[in-house]
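User: Hello! I am new to this structure and would like a close look at one part of it, with some sense of what lies around it.

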Amino acid sequence: MHAYYADQFVLPLPDGHRFPMAKYRLLRDRIAQHLPGISLQVATPAADSELALAHASSYIDAIADGTLPAPAQREIGFPWSPAMAERARRSVGATVAASRVALQEGIAGNLAGGTHHSYADKGSGFCVFNDVAVAARLMQLEWARARGRHTSPLKVAVIDLDVHQGNGTAHIFREDHSVFTLSLHGARNFPFRKEASDLDIELPDGCTDDAYLEALAHALDALEQRFTPQMVFYLAGADPHEGDRLGRLAVTHDGLEARDRRVFDWAWQRRIPLVFAMAGGYGRDLEDTLTAQLNTWRVAWEYHQRWQNVRP
């Protein structure tokens with residue numbers, strides 16, 4: 001199974017910054033140690049033309065040149081640096097590469113990504129470019145090129161299970177009927193001004209495993225009733241975990257693993273290629289985030305094996 005990373009670009013964050021930059025390299029090390037069948041590959045940067053499928057050219061240029069106004073930079077939450085700009089491009093490139101592989105093999109993933117707070121013309125909440133929005137649009141473009149301009153658009157579902165609503169993704173695709181956005185998130189959590197996804201399910205503070213999994217089951221049922229995707233992007237956030245500093249929910253590791261299995265199985269049963277990204281994870285103990293994310297990769301590996309052993 002292919003996994004793409006860009007953790008060699010470490011942002012020079014000030015002391016005390018709450019973004020857990022170290023988790024990306026640590027996750028790669030854990031995968032290499034515990035899941036040797038996963039092929040870890042360096043992501044290439046997304047090109048301007050690819051980013052422009054979901055982002056304004058003026059915003060792309062401002063990130064590249066470091067000329068974003070200070071208030072807009074503060075909204076992202078990272079100080080600008082060449083490493084920040086390069087890492088953002090490569091995080092998108094990782095999801096693009098995983099998408100191409102998933103369409104051939106069934107499943108592939110990005111060790112980062114899930115930057116769902118980024119809008120077309122601005123970043124927010126530690127998200128610079130929206131990797132899923134760019135990759136979805138690019139896969140639709142490549143699908144049309146391969147099949148002729150009169151073919152129907154590739155139908156894409158975004159299953160966003162980060163604890164924070166995917167506001168940027170919802171806004172980018174708000175009038176695009178070929179993309180269905182589903183967000184299962186904390187009702188009282190960031191962003192405090194939500195956008196309208198195609199399906200939003202809000203969870204109360206302290207939501208535990210049973211209620212969380214029941215809400216997910218209803219969400220997947222509703223998705224199936226309303227839309228027939230040909231590709232799925234799954235944001236497997238670790239931040240619904242009970243030990244997350246920013247999550248406000250009370251989902252256990254067992255609950256998160258059950259969540260992952262439901263999503264991977266839902267796509268597998270319908271033979272829908274699935275691309276996944278790690279999205280958020282801010283454990284008070286970094287080990288909690290790493291455990292949750294490694295479990296996601298372990299489940300993904302199991303389902304990748306199913307794809308390879310059974311003909312669709």
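Leaving aside its neighbours within four places in sequence, which residues is Asn-167 in contact with? Please take your time and walk me through the surroundings too.

Analyst: Happy to help! Please keep in mind that this is a predicted model.

Let's begin with your residue. Asn-167 is in contact with His-116, His-117, Tyr-119, Pro-191 and Glu-195, once its neighbours within four places in sequence are left aside. Asn-167 belongs to helix 7, which covers residues 167–172. With a relative accessible area of 4%, Asn-167 counts as buried, because the cut-off for that word is under 20%.

From there, let's turn to the sheet. It is an open sheet of 8 strands in the order 2-1-3-8-7-4-5-6, and the pairing is parallel. At the edges stand strand 2 (39–42) and strand 6 (199–203); each has a single partner strand, so one side of each is left without a neighbour in the sheet. On average, and with direction ignored, neighbouring strands are turned by 15° against each other.

A few of the pairings are worth tracing on your screen. Strand 4 (residues 156–160) pairs with strand 5 (residues 179–186) in the parallel sense, over 5 bridges. Look for Ile-159 there: its bridge partner in strand 5 is Leu-182.

Strand 8 is another good place to stop. Strand 3 is joined to strand 8 by 4 bridges, and the two run parallel. Strand 7 and strand 8 also run parallel, joined by 4 bridges. Ala-277 in strand 8 turns up in both pairings: Ala-277 is the bridge partner of Asn-110, and Ala-277 is also the bridge partner of Leu-235.

In a regular strand, side chains alternate between the two faces of the sheet. Strand 8 is covered on both faces: Leu-274 and Phe-276 on one side, and Val-275 and Ala-277 on the other, are all buried.

Now for the helices that lie across these strands. Helix 5 lies across strand 1 (2–5), strand 2, strand 3 (107–110), strand 7 (231–235) and strand 8 (274–277), and runs at about 175° to strand 3. Helix 8 (residues 209–226) lies across strand 4, strand 5 and strand 6, running at about 170° to strand 6.

Each of these two helices also packs against another helix. Helix 5 (residues 82–105) packs with helix 6 (residues 131–147) at an angle of about 40°, and their axes are 9 Å apart. That makes helix 5 oblique to helix 6. Their crossing is right-handed. Among the residues that meet are Val-92, Val-96 and Leu-103 from helix 5, with Val-134, Leu-138 and Met-139 from helix 6. Sorted by class, this contact has 7 nonpolar, 3 polar and 3 charged residues.

Helix 8, for its part, packs with helix 9 (residues 253–269) at an angle of about 15°, with the axes 10 Å apart. Helix 8 and helix 9 are therefore roughly parallel to each other. Helix 8 passes helix 9 in a right-handed crossing. Where they meet, helix 8 brings residues including Tyr-212, Leu-216 and Leu-220, while helix 9 brings residues including Ala-258, Arg-262 and Trp-266. The residues of this contact divide into 9 nonpolar, 1 polar and 6 charged.

One more helix pair rounds off the tour. Helix 1 (residues 23–34) and helix 10 have axes that come within 10 Å and cross at roughly 45°. That makes helix 1 oblique to helix 10. The crossing in which helix 1 passes helix 10 is right-handed. Lys-23, Leu-27 and Ile-31 are among the helix 1 residues here, and they belong to a contact that includes Thr-289, Leu-290 and Trp-297 of helix 10. By class, this contact has 7 nonpolar, 3 polar and 4 charged residues.

Thr-289 deserves a closer look. This residue lies in helix 10, which spans residues 286–309. Thr-289 is buried, with a relative accessible area of 2%. Apart from its neighbours within four places in sequence, Thr-289 is in contact with Lys-23, Ala-238, Gly-281, Tyr-282 and Gly-283. Thr-289 and Leu-27 are 262 residues apart along the chain, and 9.2 Å separates their C-alpha atoms.

Definitions and conventions:
Residues numbered from 1 in each chain as written. Predicted model: local features only at pLDDT ≥ 70, side-chain atom pairs only at ≥ 80, totals over all residues. Heavy atoms only, no water. Axes fitted to C-alpha atoms, helices over the stretch in contact; angles between N-to-C directions. Parallel < 35°, antiparallel > 145°, perpendicular 65-115°, else oblique. Left-handed = near helix turned anticlockwise from the far one by under 90°. Contact = heavy atoms within 4.5 Å. Nonpolar A, V, L, I, M, F, W, Y, C, P; charged D, E, K, R; others polar. Pairing = 2+ DSSP bridges. Buried < 20%, exposed > 50% of the residue type's maximum accessible area, 1.4 Å probe, protein only.
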